[in-house]
Structure formats: structure tokens, C-alpha cells
Amino acid sequence: MNKHTLSVAITFLFCTPISGGIPDGIYHKGWIDFNKNGKMDLYENPKAPLEDRVQDLLSQMTLEEKTCQMATLYGSGRVLKDALPQNNWKTEVWKDGIGNIDEEHNGLGAFKSEYSFPYAKHVNAKHTIQRWFVEKTRLGIPVDFTNEGIRGLCHDRATYFPAQCGQGATWNKKLIARIGEVEAKEAVALGYTNIYSPILDIAQDPRWGRCVETYGEDPYLVGELGKQMITSLQKYNLVATPKHFAVYSIPIGGRDGKTRTDPHVAPREMRTLYIEPFRMAFQEAGALGVMSSYNDYDGEPITGSYHFLTEILRQEWGFKGYVVSDSEAVEFISNKHKVADTYEDGIAQAVNAGLNIRTHFTPPADFILPLRKAVDNGKISQETLDKRVAEILRIKFRLGLFDNPYRGNGKQAEQIVHSKEHQAVSLEAARQSLVLLKNETNLLPLSKSIRSIAVIGPNANEQTQLICRYGPTNAPIKTVYQGIKELLPHTEVIYKKGCDIIDPHFPESEILDFPKTAEEVQLMEEAIRAAKQAEVVVMVLGGNELTVREDRSRTSLNLPGRQEELLKAVCATGKPIILVMLDGRASSINYAAAHIPAILHAWFPGEFCGQAVAEALFGDYNPGGRLAVTFPKSVGQIPFAFPFKPGSDESSSTSVYGALYPFGHGLSYTTFTYSDLHISPSHQGVQGDIHVSCKIKNTGKIKGDEVVQLYLRDEISSVTTYTKVLRGFERISLKAGEEQTVHFRLRPQDLGLWDKNMNFRVEPGSFKVMLGASSTDIRLHGQFEITP
């Protein structure tokens with residue numbers, strides 16, 4: 001615990017009124033008598049070594065108290081039905097404590113905003129609940145208050161950021177760090193101690209519904225951005241819990257929902273692609289939490305896998321935190337994967353494998369009671385139980401919960417949460433997430449002197465379906481229609497929906513034609529009339545919570561519902577059209593790519609959606625984002641994601657080939673040149689670093705951002721590897737005529753591969769260096785040699 005945390009704790013202990021019925025002397029100057037025995041035990045002594053405190057507390061715990069630390073209690077009326085402590089809690093299983101309480105009074109669940117806002121009321125409610133566990137349980141072990149944090153903190157009216165797919169499209173490490181700091185400051189002020197973020201799965205199959213929640217398809221990009229989020233969260237004395245470990249994001253056929261199993265991934269691919277971002281999170285960023293996934297790998301459920309949860313995670317990577325299960329992951333061991341005869345046996349598999357805390361939307365007793373039976377029946381040894389509980393307690397001590405269990409400050413939260421400064425970061429993130437896919441004849445930016453604009457499409461004025469359950473509730477989203485109207489107050493801006501995101505027969509309508517309803521006919525006719533009357537048409541299409549999120553996987557990548565038909569009908573009017581895509585996955589927008597002159601992809605930009613898009617369309621902001629995923633031309637090309645093996649994209653006379661838009665692609669309203677590539681040294685040993693630099697110059701007439709991307713190829717290797725891999729990127733902003741030198745450092749970790757014996761090593765030989773504006777737009781080439 002740092003000095004600031006200790007001082008806050010001491011101040012709190014002086015100022016906190018003691019509620020009735022509490023033994024005299026429980027709150028002392030600088031320490032708390034958690035076990036109420038009238039003396040300072042070792043675990044209560046803030047000056048004692050952490051490990052001594054853990055072992056002292058562990059030695060005093062009963063089986064009942066130990067097992068209670070291994071469960072989550074879901075809050076907000078989902079499992080914990082009471083808003084505040086009640087007398088019946090003395091007879092509930094958590095009378096002996098609980099490991100964590102998840103999403104308590106965050107604005108979701110039964111209580112909505114009753115205890116989430118105003119923030120002072122929220123913090124007071126948290127303190128009341130924490131006080132019950134400190135004062136009313138025998139050993140007074142504090143609760144770890146956990147919460148989600150994918151698009152900002154999952155709390156009522158917190159700052160709402162772009163979806164992780166949009167954050168990935170920024171390719172900006174410093175910006176992700178700033179997003180993490182905002183989230184951390186708001187979480188600390190509101191009394192949370194553990195944030196389930198970031199998602200480090202890679203989106204290799206765009207059919208998968210949770211692509212929207214990932215940073216992209218490439219492990220290096222995902223890992224580098226994830227490190228920034230983790231570092232920022234933990235810098236503010238929080239635990240970052242990345243998810244979902246491991247090999248979660250490639251369910252068979254891209255199907256989510258109740259599939260969630262059977263990833264067809266070879267061991268080398270598993271290591272190189274799917275778990276590499278997690279290695280970076282633990283070895284390079286020191287993440288102190290992790291969520292185990294509910295899928296299997298090669299027939300072995302991850303949450304019951306000693307190989308993944310202990311051998312890789314703790315022994316190989318040195319993980320020091322605790323493992324929490326994804327919802328129902330423990331239950332799946334016996335009732336879905338069928339590798340355990342009973343739930344008790346499944347629990348034993350999970351705990352012996354390395355699981356610390358079970359999470360599910362059912363009462364914690366459902367897990368705790370059979371866990372105790374598993375211990376009594378010898379299926380889990382006392383040594384293993386103590387090890388799992390100690391791993392949880394270490395985190396609670398590291399968080400300082402035994403020195404100041406009452407985290408959060410209502411008055412500070414009122415000033416910090418969704419402050420103007422935090423909103424500015426959200427706006428900047430929205431701007432930087434925009435990717436200009438196409439700009440034929442420089443149609444964009446549009447002139448502000450346009451007299452009339454038709455804004456058409458099901459996402460043009462959408463708000464409700466752009467709010468994610470894993471982000472802030474009650475977010476104030478500004479729509480594209482609103483953003484354009486505000487930017488151009490003297491222009492006639494006409495909005496027509498045109499169609500819904502999906503039609504009444506979706507998803508069957510993706511394989512069969514159905515006649516339009518009278519309402520659908522009317523919506524489309526109104527949109528066409530509006531387009532004919534306008535000078536320019538801005539169409540806002542794509543997907544939303546109805547088509548892309550958890551449990552929303554698809555079997556097509558085309559625009560859903562009537563959207564393609566609407567696009568063609570408006571295109572037939574002959575008016576200039578700009579397509580704005582709001583979506584969370586790569587899509588096969590072939591018609592638009594061929595016939596629409598300008599396409600701007602905005603992902604899900606968060607609360608400043610409309611402002612950021614309007615600024616880009618009319619030249620107040622120059623878009624500079626890059627694709628973090630490959631856009632295939634057809635769903636039939638899948639698997640089709642970066643990085644590619646040799647022969648992955650050969651031409652064919654019977655099938656389409658090539659990317660519609662490649663990984664790393666993104667245009668600008670200005671131009672850049674690359675020059676003066678330097679690689680030093682030209683020869684290096686297997687343990688040495690390589691330094692690469694080049695100059696980038698803005699040769700256009702306006703300020704703009706360039707994302708400089710470094711790709712590497714191992715020319716000859718002992719196993720078949722990728723044609724190029726991303727090993728560096730920097731987003732820089734240059735004024736017109738400005739030039740900057742960009743530097744990269746390649747470490748042995750960046751050069752290595754998993755060889756034919758599944759050993760990770762750097763193989764001597766020649767490496768090709770490629771620097772460019774995308775994975776296919778390479779501007780500079782060079783090479784270096786690695787010597788034995």
C-alpha cells in the first residue's frame with residue numbers, strides 16, 4: 001500500500017462514526033481490529049510484511065470462511081436481492097464473508113439508478129455494505145468490489161467511450177492509457193477495486209458477436225493496447241482483470257450463444273496468436289487478475305485445465321493475482337463439457353486446476369456448499385484450498401483493503417465522474433477511432449455551404465441500441481443526425497430512417513426473400529423522396545446491439561435487413577452519397593465499395609458519436625484511424641485475418657479472393673511520404689535488440705495523423721510462419737509540411753517463434769523489415785541478420 005492510501009485510511013479511521021453494536025475499540029489509530037479480539041493481530045498490522053499478514057489470517061480461518069472467499073456475490077438485485085444489509089444476512093452463506101461483490105449498485109439490475117446516482121448515495125451504500133462484512137463477520141475480511149469496464153466504467157452516467165473495436169482502430173497507445181486513467185479515476189472515486197478489463201481476445205472471425213469488444217485481430221496490436229489499459233488501471237491501486245483466458249474468441253463457425261466450445265486452433269497458433277496478448281498482460285504489464293473462459297481447448301475445459309491456469313499462467317508467466325471464472329464456466333465442466341460426473345467433481349477440477357473465485361448469476365451457496373463437500377471428501381486437499389484462498393487474500397492486502405476497506409469518496413465522485421476533462425478524452429477517442437475507407441475524387445470533406453442534406457439510415461438517429469451493457473448506463477449519446485444539425489445550424493438537415501437495422505424475418509431473410517411490409521415500403525419511399533430533394537446524402541448504416549454483441553453472432557457479413565436495398569435505392573437517385581458505418585465487426589460492403597464514392601467507418605464511437613462524425617465529414621477533423629481487422633469480400637473466405645500464412649490469399653477462377661479492405665488500412669485528407677530508413681545494427685546476436693527509424697513528412701496542405709506500421713518477416717524458419725507480422729506502430733500528428741523521425745525497438749521477443757519442438761526461440765538468419773501505412777501499403781524495405 002502506498003503512503004497516500006495509508007494516510008487516507010488513517011484519516012478515515014479517525015473520522016468514521018462507529019455504528020451501534022460494534023465492540024469497543026474495533027477502529028484504532030492506524031489499524032482495525034477485524035477479528036474483534038481486542039489486540040492487533042499480525043494480519044491487522046499495516047506495517048507487517050504482506051506475506052506474514054496473509055499467513056496469519058489464513059491460519060485463523062475455518063473451512064466455512066475459506067470457501068466463502070472463493071465465490072462472487074452478484075449485486076444490484078440479480079442475486080443479492082437486498083439493496084443494503086438486512087438481519088437475514090446473519091443466516092446467509094456470506095455470514096462467513098465473501099470474495100467479491102460484482103456490479104453492486106452500478107445502475108444495472110433491479111435497483112436501476114436508485115443507489116447508483118447521485119454518486120454520494122452510491123458510495124455511502126457501498127460503505128454500508130462493506131461495514132457489515134468488516135463489523136459483522138468473525139474475521140472482518142473486506143469485500144473486493146468488482147465491475148465491468150469495456151467502454152468506460154460500467155456505472156450509471158460514467159464517461160462513455162468508443163467500443164473496444166473503435167479504441168483498437170485508433171492505433172494510439174497513449175490514448176488508450178488516457179482512457180484507462182479516466183476509467184480508473186472514476187472507479188476509485190466510486191469505490192470499485194477490481195475492473196474486468198481489458199478484453200484481450202483477438203477477433204479472427206468477424207461472424208463472432210463479441211468482435212465489437214476486442215481491440216482487433218492481431219495479437220501484437222491487441223497486446224500493446226491492452227498493456228496500456230492495464231498499466232493505467234493498476235497505477236491507481238485497482239486490479240485489472242483481463243478476459244477471457246484462453247482461446248475464447250474462435251468458437252466453431254464463429255457461433256456464440258450456447259455454442260462457446262470447440263475452437264479449432266493448433267498448439268502453435270494458440271501460442272502465437274490467441275494467448276500472446278495475455279502473456280504480454282501478465283509478463284509485461286503485471287495484471288493482477290484474469291477471467292477464465294467457459295470454452296474448451298482440444299477437449300479440455302479451460303476453467304478445469306491445470307495446464308492453462310497453473311502451468312502457463314502461474315509457472316510460466318509468473319501470474320501473481322487471482323483467477324475468477326466467467327459466468328457458468330464452472331458449471332459447464334459437468335453440465336456442458338461432460339468431463340465431470342457431478343457438479344462437485346467439476347468444482348474439484350476447477351479448483352485443482354487453479355481457479356480462485358467462481359462467478360455466476362446464481363446464489364454463491366450453490367457453489368460454496370458443494371465446494372465444502374469436495375474438500376470433506378478429499379477431492380480438494382487442504383493444501384490446495386489454502387493456496388487458492390491465500391492467492392485471493394494477497395490481492396486484498398495489496399489493494400490496501402485491510403488498511404482502508406471503505407473505498408470511494410462521494411464528494412470527489414460528483415466532481416470526477418463524467419467531468420468535462422473526462423468528456424474531452426471521450427471526444428478525442430471518438431475522433432481518433434474514425435477510419436476513412438474510401439474517398440473517391442476527394443468528395444470529403446464536404447463544404448459547409450451545402451444548403452440541404454438528407455441524413456438517412458437506421459443508425460442515423462439511434463441512441464438506445466448503441467448503449468452496451470458492459471459500459472456506462474444512461475449514456476448521453478449524440479447521434480449523427482444531431483451532430484450534423486448542430487454543426488450546420490443554417491443548413492436544412494432532413495432525417496429519414498429508411499428501414500430498421502433488421503427486418504421482421506431476420507435472420508431468415510439472409511437466405512430467403514420476403515416481401516416488405518407496408519411500413520417498410522413507406523419508410524423506404526420517404527427516404528428516397530428526401531434523398532431526391534437534398535444536395536448531398538449521408539447514409540448511416542451498419543449494426544448495433546441487435547446484431548453485434550455477446551450472443552449476437554451472424555452467418556453473413558452483409559448489411560442486415562433492408563439496408564443494402566435502401567442503399568441501392570438511394571444510390572439510384574444520382575445524388576452524391578457518403579456512407580457512414582456504425583458497426584462492431586468487419587463487413588462485406590462490396591456494393592458500397594464499388595459504387596459509393598466516400599465511406600467513413602465510425603465503429604461505435606460512444607457518447608460523442610454525432611459530433612466526431614460531423615467534424616470529420618465537414619473537415620473540422622481529419623480522420624486518421626486504421627483498420628484493426630481485415631474486411632473480407634465474402635463470408636466464404638473465412639478464416640481470413642491478419643497475419644496470413646503463405647498461400648492464404650491465392651487467386652482463384654472459382655472464388656473471390658483478396659481483402660475488401662486490408663488490416664491497417666485507412667485514408668486521410670492529406671498525404672505522407674516515408675524516407676531515410678535506418679536499421680542498427682545490421683548484424684545482431686539472438687539476445688540483442690534491433691533499432692529501426694524512418695522519417696515521415698506531411699506533404700499535403702492540412703494537419704493530419706499517420707499511423708506508421710512496422711512489419712517483419714523471418715525469411716527462412718524451421719516451421720511455416722507468417723508472410724509478415726506487426727511488430728511496431730506509432731500514431732503521429734503532423735502539420736502541413738512538418739517532418740518527424742519515428743523510432744522502433746525490436747526485442748528478441750519480437751523476433752522469436754515457436755519452433756518444431758514447441759520451444760520459443762530466436763532463429764539465426766535474415767529478417768525483412770517493412771514500414772508502411774497498412775499491411776499492404778509498404779513504403780520502405782530493409783533487412784538485418786541475426787547471427788548464432
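This report describes a pocket, a set of cavities, a three-stranded sheet and an annotated span in a predicted model.

## The largest pocket

The largest pocket has a volume of about 950 Å³. Its lining consists of 49 residues, and those nearest the centre are Glu269, Leu273, Pro643, Lys645 and Tyr722. Sorted by class, the lining of this pocket has 25 nonpolar, 14 charged and 10 polar residues.

Several helices and strands give two or more residues to the lining of the largest pocket. The helices are H7 (219–235), H8 (267–274), H9 (276–284) and H22 (748–751). The strands are S23 (704–714), S24 (725–734) and S26 (753–754). The element that gives the most is H8, with six residues. Because domain 1 (52–415) and domain 3 (672–786) both give residues to the lining, the largest pocket lies between these two domains.

## Enclosed cavities

Empty space left among the atoms can be shown by rolling over them a probe the size of a water molecule. The model holds six cavities of 30 Å³ or more. The largest cavity has a volume of about 120 Å³. It is lined by 20 residues, of which Ala203, Cys211, Arg585, Ala586 and Val629 are the closest to its centre.

The lining of the largest cavity has 13 nonpolar, five polar and two charged residues. Domain 1 (52–415) and domain 2 (434–639) both give residues to this lining, and the largest cavity therefore lies between them.

## An open sheet of three strands

The strands of a sheet pair through backbone hydrogen bonds, in either a parallel or an antiparallel manner. Here, three strands form an open sheet in the order S20-S22-S25, with antiparallel pairing. Strand S20 (672–680) and strand S25 (739–746) stand at the edges; each has a single partner strand, so one side of each is left without a neighbour in the sheet. From one strand to the next, the twist averages 20°.

Strand S22 covers residues 690–698 and is joined to S20 by seven bridges, the two strands running antiparallel. Among the bridge partners, serine 680 is matched with histidine 691 in S22.

## The annotated span

An unreviewed UniProt entry annotates residues 706–775 as "domain: Fibronectin type III-like". In the model, this span is 56% strand and 6% helix. The C-alpha atoms at the two ends of residues 706–775 lie 14 Å apart.

Terms used: Residues numbered from 1 in each chain as written. Predicted model: local features only at pLDDT ≥ 70, side-chain atom pairs only at ≥ 80, totals over all residues. Heavy atoms only, no water. Pairing = 2+ DSSP bridges. Helix = DSSP H or I, 4+ residues; strand = E, 2+ residues; numbered from the N terminus. Axes fitted to C-alpha atoms, helices over the stretch in contact; angles between N-to-C directions. 1 Å grid on protein atoms, 1.4 Å probe; cavity = no way out; pocket = protein on both sides within 12 Å on 5 of 7 lines; lining within 4 Å. Points joined across faces, edges and corners; volume = space filled by probe spheres on them. Nonpolar A, V, L, I, M, F, W, Y, C, P; charged D, E, K, R; others polar. Domains from an automatic or database assignment. UniProt positions renumbered as here; feature names shortened; annotations may be inferred.
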